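Please look at the sequence and the model side by side, and keep both in view while reading. The paragraphs below go through the structure one part at a time.

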Amino acid sequence: MEVPEDLQPLFEIVGREKALEVIRTYEGTNVYFSKTLLRYYTHEKIKNAYRDGLSYKELADKYGYSESYVRRICNPRKN
């Protein structure tokens, strides 16, 4: 079976069987993934990495954020 070009990333990320499971589950519907959920998990990873000793600069470089934004993520009550 040839995978349509627009579905290639899905198959590469989760593998053939899981990709087919997702397709069967959502067949015939429109699926929207909110950026909010991804942002929440990214912020949690940043907070954990900061607690593990990474600096604001290291985290900013790693995630493509400014140091001040990383600082606000790690210390929300100080802003």
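What covers the buried residues of H5? The model in view is a predicted one, and in it the cover over the buried residues of H5 includes helix H3 (35-51) and helix H4 (56-63). The helix being covered, H5, spans residues 67-74, and its buried residues are Val70, Ile73 and Cys74. These residues lie on the same side of H5, because they cover an arc of only 90° around the axis. A general rule helps in reading such a pattern: an α-helix has 3.6 residues a turn, so residues three or four places apart point the same way.

Helix H4 can be read in a similar manner, beginning with its buried residues, which are Tyr56, Leu59 and Ala60. Seen down the axis of H4, these residues fall within an arc of 100°, so they line one face of the helix. The buried residues of H4 pack against H3 and H5, whereas Asp61 and Lys62, on the other side of H4, are exposed. After H4 comes Gly64, which has a positive phi, near 75°.

With these helices in mind, we can turn to the largest nonpolar core, which has eight residues in all: Ile46, Ala49, Tyr56, Leu59, Ala60, Val70, Ile73 and Cys74. The elements that each give two or more residues to this core are H3, H4 and H5. One member of the core, Ile73, touches His43, Ile46, Lys47 and Tyr65 when residues up to four places away in sequence are not counted.

Another residue to find is Thr42, which has its place in helix H3. Is Thr42 buried or exposed? Thr42 has a relative accessible area of 17%, and because buried means under 20%, Thr42 counts as buried. If residues up to four places away in sequence are again left out, Thr42 touches Tyr63 and Tyr65.

The last part to examine is the largest pocket, which holds about 280 Å³ of space. The elements that give two or more residues to the lining of this pocket are helix H1 (8-14) and helix H2 (16-26), and H2 gives the most, with three residues. The lining as a whole consists of Leu10, Val14, Val22, Ile23, Tyr26, Glu27, Gly28, Thr29, Val31 and Phe33. Sorted by class, the lining of the largest pocket has seven nonpolar, two polar and one charged residues.

Key. Residues are numbered from 1 along each chain as its sequence is written. This is a predicted model: local features need pLDDT of at least 70, side-chain atom pairs count only at pLDDT 80 or more; totals for chains, interfaces and linings use all residues. Side-chain values use heavy atoms; hydrogens and water are left out. On a 1 Å grid over the protein atoms alone, a cavity is a set of points where a 1.4 Å probe fits but cannot get out, and a pocket is an open set with protein on both sides within 12 Å along at least five of seven lines; lining residues have an atom within 4 Å of a point. Grid points are joined across faces, edges and corners, and a volume is the space filled by probe spheres set on the points. Helices (H or I, at least four residues) and strands (E, at least two) are DSSP runs, numbered from the N terminus. Ala, Val, Leu, Ile, Met, Phe, Trp, Tyr, Cys and Pro count as nonpolar, Asp, Glu, Lys and Arg as charged, and the others, Gly among them, as polar. Buried means under 20% relative accessible area, exposed over 50%, partly exposed in between (1.4 Å probe, protein chains only). The arc is that of the directions from the helix axis to the C-beta atoms. Contact means heavy atoms within 4.5 Å. A nonpolar core is a set of buried Ala, Val, Leu, Ile, Met, Phe, Trp, Tyr and Cys residues joined through side-chain atoms within 4.5 Å.
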